[in-house]
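Subject: Structure handover

Hello,

Here is the structure we talked about. Please open it next to this message, then read on for what was found.

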Amino acid sequence: MFTKVKQIFNFHYYSCIFFIKLIHALEISLSLHHFNYKIHKIMSNSQVKFYSGENIPLELHKTRIVQKLNLVPIERRLEALYEGGYNTFGLKTTDIYLDMLTDSGTNAMSDEQLAAMMRADDAYAGSQSFIRLQKAVKDVLNAEYFLPAHQGRAAENILACAYVRKGNLIPMNYHFTTALAHITEKGGQIVELLYPEAYKIKSSHPFKGNMNLEALEAYIQKHGKERIPYIRMEASTNLIGGQPFSIENFRAVRAIANNYGLRIVLDASLLGENAYLVQQREEEFKNTPLADIIKIMTGLADIIYFSARKLSSSRGGGICTNNESIYKELEALVPLYEGFLTYGGISIREIEAMTVGLYETQDETVISQSPAFISYLVNEADKRGISMVTPAGVLGAHVNALDMCSHLPQTQYPAGALAAAFFLISGVRGMERGSISNQRDEYGNETFADMELLRLAVPRRVFTLSQIMYVIDRLTWLKDNREMIGGLKFVYEPPVLRFFMGRLMPVTDWPEKLMAKFRKDFGDSL
Ligand SMILES: Cc1ncc(COP(=O)(O)O)c(C=O)c1O
């Protein structure tokens with residue numbers, strides 16, 4: 001009798017405990033669900049409002065590894081400029097305070113990327129690291145076939161080798177320096193088909209990178225589709241201020257391409273940022289997750305290529321497609337120029353970093369950080385009367401040198417002069433994106449750029465807000481002393497991509513005078 005009572009008691013006791021645990025588990029899962037919901041809702045910096053009403057781009061990451069910087073005196077910066085041939089590519093980081101040359105290979109990497117690099121499977125062929133990368137390409141870019149290349153321009157070389165022949169024409173929204181160089185090297189020609197709005201420095205047009213659809217159609221009809229191996233669309237058009245195109249525009253380009261049986265090549269180096277601005281600016285996609293927008297965009301192209309130095313905050317690059325015959329057309333060129341198909345000239349550790357970086361491209365908190373800082377920089381500089389490319393784009397803030405140096409003729413390279421002057425007075429290294437970045441025509445004549453810009457790149461999650469405020473402060477001083485900036489002339493001009501290795505000199509002693517004015521105004525400040 002006693003054992004029977006004990007059995008019944010035990011049964012009820014354990015049932016009770018079981019139900020209490022079940023309810024507890026349900027509570028946890030419900031609260032977790034709630035928590036996840038909250039996390040999901042915080043998608044980007046722009047969604048955090050300040051009580052003060054100020055528009056401050058809040059960081060959604062913390063810094064755990066840091067690098068010491070050098071802010072050397074202006075006298076040393078003048079020497080460094082001379083040593084570097086008045087070309088910011090010639091400077092050394094020991095003389096640079098904020099390196100805003102580019103976001104290429106300089107974006108901060110995540111803890112997850114660094115951890116993944118440790119498990120690299122080094123093998124000449126058949127590495128597991130590459131299989132993981134292939135899966136990431138499929139998951140994120142929705143492309144079945146992937147060909148690795150050591151960086152973006154290597155992918156451009158492969159595409160040019162495969163498809164560009166003498167006399168070919170490649171319509172595009174806008175060129176990128178290396179894409180243009182590879183096409184012209186093969187005897188092809190490019191044509192840029194943007195709407196006039198794209199060339200306006202100050203604009204509120206959300207998609208200045210849109211392809212001019214009427215011009216594209218007219219161009220194909222005029223020259224015939226036979227001469228056009230592909231149409232190139234560049235996401236977040238780099239050289240006109242990191243300006244995106246809309247999906248509506250891309251769909252229309254697809255329709256035109258379909259009409260004429262033409263292929264579309266998408267330069268996806270800045271795809272994450274373009275997708276982010278689509279989410280921010282295109283009504284139809286305002287509630288669409290970044291991951292889906294990215295897939296919609298890649299789904300509109302026949303071939304997608306990218307620089308992983310940008311797209312996934314790592315190194316390397318590659319070409320992807322869902323078309324098996326395109327894959328076969330390109331496959332043999334990878335072992336010829338890059339390396340075997342499962343590494344393509346990329347270190348295996350970087351392949352692991354690329355894999356994680358691709359997945360992180362779907363994360364709004366990662367991708368929104370740089371555009372949010374750029375927008376802060378552009379808007380604050382604009383308020384202080386500095387002529388900036390607006391609306392703020394991606395990759396960097398762009399200062400209009402044709403306004404800052406309106407007293408200089410284009411023959412004296414206003415954007416190059418502004419880049420040199422800004423480094424001199426701040427230690428901040430930007431990049432000339434103007435006529436120096438252009439190449440001469442086939443007869444050796446200068447081709448002046450549509451825009452003369454000083455690009456101040458804001459790599460992902462690298463700089464702090466006070467550093468951005470320093471940039472704004474020094475830009476404002478330079479604007480107030482802008483007449484003191486003088487011109488530059490080439491003393492050594494390489495025949496290809498002259499902006500990289502070219503050496504220049506100031507046409508007068510304006511740098512010394514500008515330095516003296518800095519000392520007068522700032523005393524012994526660095
Ligand atoms: C839009 C675009 N395409 C292509 C490239 C070339 O890539 P990489 O520097 O990796 O050769 C770049 C580099 O900055 C770029 O911005």
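Start with the ligand. The model is predicted, and in it 15 residues surround the ligand. The closest are Gln 151, Gly 152, Arg 153, Ser 269 and Ser 307. Two elements give two or more residues to this shell: α5 (152-163) and α11 (308-311). What classes of residue make up the shell around the ligand? Eight are polar, five are charged and two are nonpolar.

Now the whole chain. There are 21 helices and 14 strands. The radius of gyration is 26 Å, close to the 24 Å that the globule rule gives for 526 residues, so the chain is as compact as a globular protein of that length. Along the principal axes, the C-alpha atoms fill a box of roughly 110 × 65 × 45 Å. Of the 526 residues, 46% count as buried. Take the contacts between residues at least 6 apart in sequence: 72% of them join residues at least 24 apart.

Last, a strand pair to look at. Strand β13 (residues 488-492) runs antiparallel to β14, and four bridges join them. One of the residues to find is Phe 490, whose bridge partner in β14 is Leu 504.

Then follow β14 itself, residues 503-506. In a regular strand, side chains alternate between the two faces of the sheet. Which side chains of β14 are buried, and which are not? Leu 504 and Pro 506 point to one face and are buried. Arg 503 and Met 505 point to the other face and are not buried.

Best wishes

How values were computed:
Residues are numbered from 1 along each chain as its sequence is written. This is a predicted model: local features need pLDDT of at least 70, side-chain atom pairs count only at pLDDT 80 or more; totals for chains, interfaces and linings use all residues. A residue is near a molecule or strand if its C-beta atom, placed from the backbone, lies within 6 Å of it. Ala, Val, Leu, Ile, Met, Phe, Trp, Tyr, Cys and Pro count as nonpolar, Asp, Glu, Lys and Arg as charged, and the others, Gly among them, as polar. The radius of gyration is taken over C-alpha atoms; the globule rule is 2.2 Å times the number of residues to the power 0.38. A residue is buried if 20 or more other C-beta atoms lie within 10 Å of its own, exposed if 12 or fewer, and partly exposed in between; C-beta atoms are placed from the backbone. Two residues are in contact if their C-beta atoms, placed from the backbone, lie within 7 Å. Two strands pair if DSSP finds at least two bridges between them.
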